[in-house]
Amino acid sequence: MAQNVTLRVNGRSRAVNAEADTPLLYALRNDLGLNGPKYGCGLSQCGACTVIVGGEAVRSCVTTIEAVKGKEIITLEGLGSADKPHPVQKAFIAEQAAQCGYCSNGMIMTTKALLDRNKKPSDAEIREALAGNLCRCGTHMRILRAVKRAAGEMA
């Protein structure tokens with residue numbers, strides 16, 4: 001049965017009317033109009049739906065709205081704006097790390113979570129953090145450079 005649920009998204013309390021087991025991704029995209037997180041696989045295998053919940057990168061396609069009640073949720077839209085992009089977003093632009101752009105949300109959100117907990121990750125740590133994010137366009141080397149650039153700018 002649908003119920004009113006208040007989610008804390010990008011620093012604001014937002015109400016959605018949905019069942020408790022509704023995937024967070026559906027609430028973000030369909031109810032709140034936040035299209036940064038993408039539907040990729042629906043199985044937590046590609047990373048396109050990644051958001052940050054309580055400081056951790058999570059897959060919103062398999063995370064229910066019940067599981068995130070009372071927690072801060074950050075989407076791509078909450079990082080920066082076109083006028084003032086977040087350092088991670090600026091680094092991805094500077095390194096031209098997106099080709100089709102479908103994986104960008106997951107790569108950027110995972111990078112943000114990584115750099116929040118590890119200001120100077122090694123190449124191996126970057127690769128490990130991003131291992132669950134798929135990019136079919138093959139921009140992996142540009143993505144790695146973008147993460148290093150962002151780490152340098154955020155340090």
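Modeller: A residue is called buried when its relative accessible area is under 20%, exposed when that area is over 50%, and partly exposed in between. The structure discussed here is a predicted model.

Biologist: Why is Lys112 called buried?

Modeller: Lys112 has a relative accessibility of 12%. The limit for buried is under 20%, so Lys112 counts as buried.

Biologist: What makes the contact of Lys112 and Asp116 a salt bridge?

Modeller: The rule asks for a side-chain nitrogen of Lys or Arg within 4 Å of a carboxyl oxygen of Asp or Glu. In this pair the N to O distance is 2.5 Å, and therefore Lys112 and Asp116 meet the rule. Both residues lie in helix α3, and because they are four residues apart there, about one helical turn separates them.

Biologist: How is Asp116 classed, as buried, partly exposed or exposed?

Modeller: Asp116 has a relative accessible area of 35%. This value lies between the limits of 20% and 50%, so Asp116 is partly exposed.

Biologist: How many salt bridges does the rule give?

Modeller: The count comes to six salt bridges. One of them joins Glu95 and Arg149, whose closest N and O atoms are 2.9 Å apart. Glu95 lies in the loop between α2 and α3, whereas Arg149 belongs to helix α5 (residues 140–154), so the pair ties together parts that are 54 residues apart in sequence. Glu95, Arg149 and Arg145 are linked in a network of salt bridges.

Biologist: What are the exposure classes of Glu95 and Arg149?

Modeller: Glu95 has 14% relative accessibility, and so counts as buried. Arg149 has a relative accessible area of 35% and is therefore partly exposed.

Biologist: What makes the contact of Lys148 and Asp123 a salt bridge?

Modeller: The closest N and O atoms of Lys148 and Asp123 are 2.8 Å apart. The limit is within 4 Å, and so the pair qualifies. The two residues link distant parts of the chain: Lys148 is in helix α5 and Asp123 in helix α4 (residues 123–130), 25 residues apart. Lys148, at 42% relative accessibility, counts as partly exposed, and Asp123, at 37%, is partly exposed too.

Biologist: How many disulfides does a search of the whole structure find?

Modeller: The search finds zero disulfides.

Biologist: Why do Cys49 and Cys61 not form such a bond?

Modeller: A disulfide requires two cysteine sulfur atoms within 2.5 Å. The sulfur of Cys49 is 3.6 Å from the closest cysteine sulfur, in Cys61, and this is too far for a bond. Cys49 is buried at 3% relative accessibility, and Cys61 is buried at 11%.

Biologist: What makes the phi of Asn10 worth mentioning?

Modeller: Most residues other than glycine have a negative phi. The phi of Asn10 is near 55°, a positive value in a residue other than glycine. Asn10 lies in the loop between β1 (3–9) and β2 (12–18), in a hairpin that has two residues between the strands. At 27% relative accessibility, Asn10 counts as partly exposed.

Biologist: What is the sign of phi at Gln96, and how is this residue classed by accessibility?

Modeller: Gln96 has a positive phi of about 50°, although it is not a glycine. Its place is in the loop between α2 (87–94) and α3 (104–117). Its relative accessibility is 56%; the limit for exposed is over 50%, so Gln96 counts as exposed.

Biologist: How do you know that β1 and β2 are paired?

Modeller: Two strands pair if there are at least two bridges between them. Seven bridges join β1 to β2, and these strands run antiparallel, so the condition is met. Thr6, for example, stands opposite Ala15 in β2, and Arg8 has Ser13 as its bridge partner in β2. The partner of Arg8 in β5 is Glu72, and β1 pairs with β5 (residues 72–74) in the parallel sense over two bridges.

Biologist: What is the order of the strands in the sheet, and which are the edge strands?

Modeller: The open sheet of five strands has the order β2-β1-β5-β3-β4, with mixed pairing. The edge strands are β2 and β4 (56–59), each of which pairs on one side only.

Notes. Residues numbered from 1 in each chain as written. Predicted model: local features only at pLDDT ≥ 70, side-chain atom pairs only at ≥ 80, totals over all residues. Heavy atoms only, no water. Buried < 20%, exposed > 50% of the residue type's maximum accessible area, 1.4 Å probe, protein only.
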